[in-house]
Each structure stands twice: as C-alpha cells, then as structure tokens.
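I sat down with a structure that was new to me and kept short notes as I went. Here is what I looked up.

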Amino acid sequence: MLGGGGVWAQKLSDAQGGSLSLMNSTTGVQGQLFFNTTYNAYFTWSFDRWWPFGNPDPRYGFLIYDEFNGADRIQSLDWGNAGAATSGNLLNTGVVNISQSAASGITDMRTELDSIQLGTMDLYLETLISIPTLATAGDDGSLTIGMSDNASFSAHSTCTDGVFFVLDRSVNGANWIINTSSNGTATNTNTATAVVAGTWYRLGIYVSASTQAQFYVNGVSQGTIASNLPTGASRQTGFHYASNKTVGAAALNILADYFCCYGFYNGQRVA
Amino acid sequence: MSTHVAIVQTVGDLKTKSPLHKGLPGIFPTNCKEYGSEEEAKASHPGKLVMSLEKYQGYAKAMEHIYADVQKKKRWWKLW
C-alpha cells in the first residue's frame with residue numbers, strides 16, 4: 001500500500017519486546033520493531049543493528065541528531081565555536097570543517113563543556129568523520145572526537161573528563177587511540193585500526209552506565225575501557241571535536257558529516 | 001576483557017606539569033593502561049603499580065577526593 005499503512009500494521013503485529021540484554025542478543029529482520037522494556041522505548045532493526053524508533057519519552061531517554069546543515073550547525077544541539085561549513089557531496093550532506101593551522105593552537109566544535117554527566121544513563125554517540133590530510137612530523141598535531149571537556153590547546157588531546165577517540169601521530173601513527181579520562185587521570189589504548197586520509201569513518205562510543213565504554217569504527221569494536229570512566233558528581237563532560245596543532249603551518253582538519261546520540265536513563269528519571 | 005590496570009605515569013613522572021596537574025601530589029596517576037591479566041600488566045610495565053580493575057575503582061575514588069581538595073585550594077588562593 002502506498003504510504004506503507006499495510007506494512008506498518010504488519011510490523012507492529014510483529015513487534016516483540018523484552019529487556020535490553022534480550023534485544024542485544026536478538027538479530028532482527030529489516031524494519032522489525034522491538035519494545036525495549038529496560039529503556040521503555042521502541043527500537044527498529046536497521047540493516048545490522050537496533051536503532052531507536054522515533055523520539056523516546058523524555059522521562060526515559062533522548063535521541064539527538066545533527067546533520068550539520070544549518071548555518072550555525074544547530075539542529076538539536078547547540079555547538080559552540082562551530083567549524084566552517086564546507087561543500088557536501090552525494091552521500092555527505094552538510095559537512096563542517098574543524099580546522100587548525102597555526103602551531104600550539106586549537107580549533108574545536110563543542111557543546112557546553114560540562115553538559116553531560118555519565119554514570120546512570122547508557123549513552124551511544126556516533127559521528128561520521130573524515131581526515132583529509134594526516135599529520136606528519138613536519139606538520140604535526142592531534143585530533144579529539146567524542147566527549148571531552150578541554151577547550152584549550154593540548155598537544156596530545158588530553159582533558160579532565162572525557163570518553164573519546166584520539167588521532168595522534170606522535171603516539172600511535174595513523175591508528176586510532178581510544179581514551180577515557182576522569183579528573184585528569186586517563187586510560188588509553190592504542191588500536192591497530194589505521195585512518196586513511198580522505199576516507200569517511202563512522203566512529204561510535206557506547207557507555208554503559210558506570211561500567212565501561214566501548215569504542216567502534218565502522219561498527220567494529222576497537223575495545224572497551226572500564227577504568228577512569230568519568231561518572232562522579234563533578235565529572236561532567238561534553239560533545240567535542242578538536243584539532244590541536246603542534247608543529248608546522250598547514251591545516252589539520254576534521255570533516256564532520258553527522259552527529260547523533262541517544263541516551264537512556266535505565267528507568268524513569270522524573271515523575 | 002580487561003581485569004587489571006597499570007598506572008604507567010603519575011604527576012611525579014611529569015617533567016612539565018600542565019595547569020590541570022599543578023598542585024597534585026606526585027603519586028596522582030595521570031595515565032593508565034588496561035590488561036587482561038596481572039602478569040601481562042606487570043610484564044608490560046615493570047616496576048609500575050598494578051592492581052585489579054575492582055581495586056582500581058576504589059583507588060580512583062580516593063584520588064578523586066585528592067583532586068577535589070586541590071581544586072578547592074586553587075580556588076581559595078585565587079580569592080587572595
């Protein structure tokens with residue numbers, strides 16, 4: 001039926017439900033619905049994963065999404081120090097460029113630095129990014145993508161509180177480094193997953209309450225970190241992209257195509 | 001699956017202290033690595049403090065209190 005009414009009815013009747021762990025252990029079929037009783041929200045099977053179906057009841061969770069189409073990059077997030085808009089292409093609509101050229105300087109795009117407190121909610125964030133030119137010894141620096149609370153220049157992309165990917169040639173070549181940081185103490189793991197200049201990568205970070213953070217590149221797990229997850233009362237962080245330039249004058253850029261994030265509080269947070 | 005944490009760097013190891021780490025005691029950890037066993041952690045970082053993940057969570061809480069105290073003192077001195 002045009003408009004999908006018949007399919008809709010069929011899918012609702014097909015919907016199943018259960019806990020988060022049941023959902024995570026269930027492989028769905030395209031378009032199937034699952035009512036997640038842990039999160040009190042519907043999820044739909046999309047190609048190879050469960051994804052929130054519509055906006056959840058905000059008492060239980062949220063879904064935010066930014067395609068970076070607007071002049072100030074705002075859809076449902078308020079990004080400060082927004083990067084410059086750059087041309088999109090057939091598959092990458094609304095692209096921003098976070099670019100730093102001068103050494104010992106930082107350019108970043110971020111939400112309020114302490115807008116998120118982890119510890120109770122499960123949070124998944126995902127962004128599609130590309131690094132047009134990789135750092136070299138003569139034009140060096142480091143990049144931060146994820147959650148970080150440092151808006152000042154940092155040669156190795158450190159922060160007080162955060163959960164994030166770093167690309168730092170001087171530490172791990174062209175390979176990603178996964179990081180957590182809580183009150184200035186970091187845990188980081190060098191991955192063996194290399195970045196190819198000009199290629200788009202889907203970076204994902206899943207934080208399960210106060211337990212651990214799991215990091216993904218194109219849906220493939222890069223490992224988990226369970227220590228120094230910022231979950232304490234004063235350990236807030238924020239969504240953050242940053243280019244920290246250490247040596248040379250050529251631009252070190254992050255192109256960001258979209259950002260999305262969902263969080264669920266594992267219960268009703270307010271009456 | 002990580003089971004152990006090695007504290008590979010502390011404030012005492014830093015040649016130059018960033019504003020973030022100024023005022024913190026030398027034992028305050030700045031960088032950790034996770035490993036799947038105690039043996040692996042000790043072999044990778046001989047001489048460094050290694051503890052179970054569970055124990056580290058308690059240790060980190062204690063360090064958090066130290067960090068908070070130092071930040072409070074920094075704020076206090078700024079007032080003067």
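**Entry 1, confidence.** I noted right away that this is a predicted model. Its scores are ipTM 0.86 and pTM 0.91. For chain B I found an average pLDDT of 90, with 95% of the residues scoring at least 70.

**Entry 2, a strand in chain A.** I turned to strand E12 (residues 175-182) of chain A and found eight of its eight residues buried, so the rest of the structure largely encloses this strand. On one side I looked at strand E11 (residues 162-168) of chain A, which pairs with E12(A) in the antiparallel sense over six bridges. Here Phe165(A) stands opposite Ile178(A). I also looked at strand E13 (residues 185-194) of chain A, which runs antiparallel to E12(A) and is joined to it by seven bridges. In this pairing Asn175(A) faces Ala194(A). Two residues separate E12(A) and E13(A) in a hairpin, and Asn183(A) in the turn has a positive phi of about 35 degrees.

**Entry 3, salt bridges.** I counted nine over all chains. One of them joins Arg49(A) and Glu126(A) at 2.5 Å, N to O. Arg49(A) sits in strand E4 and Glu126(A) in strand E9, so this pair ties together parts 77 residues apart in sequence. Is Glu126(A) buried or exposed? Its relative accessible area is 1%, so I wrote down buried. Arg49(A), at 24%, is partly exposed. I also found Arg202(A) linked with these two in a network of salt bridges.

**Entry 4, another pair.** Asp140(A) and Arg169(A) meet in a salt bridge at 2.6 Å, N to O. Asp140(A) is buried at 7%, whereas Arg169(A) is partly exposed at 30%.

Methods:
Residues numbered from 1 in each chain as written. Chains lettered and ligands numbered in written order. Predicted model: local features only at pLDDT ≥ 70, side-chain atom pairs only at ≥ 80, totals over all residues. Heavy atoms only, no water. pLDDT = per-residue confidence, 0-100. Buried < 20%, exposed > 50% of the residue type's maximum accessible area, 1.4 Å probe, protein only. Helix = DSSP H or I, 4+ residues; strand = E, 2+ residues; numbered from the N terminus. Pairing = 2+ DSSP bridges. Salt bridge = Lys/Arg side-chain N within 4 Å of Asp/Glu carboxyl O.
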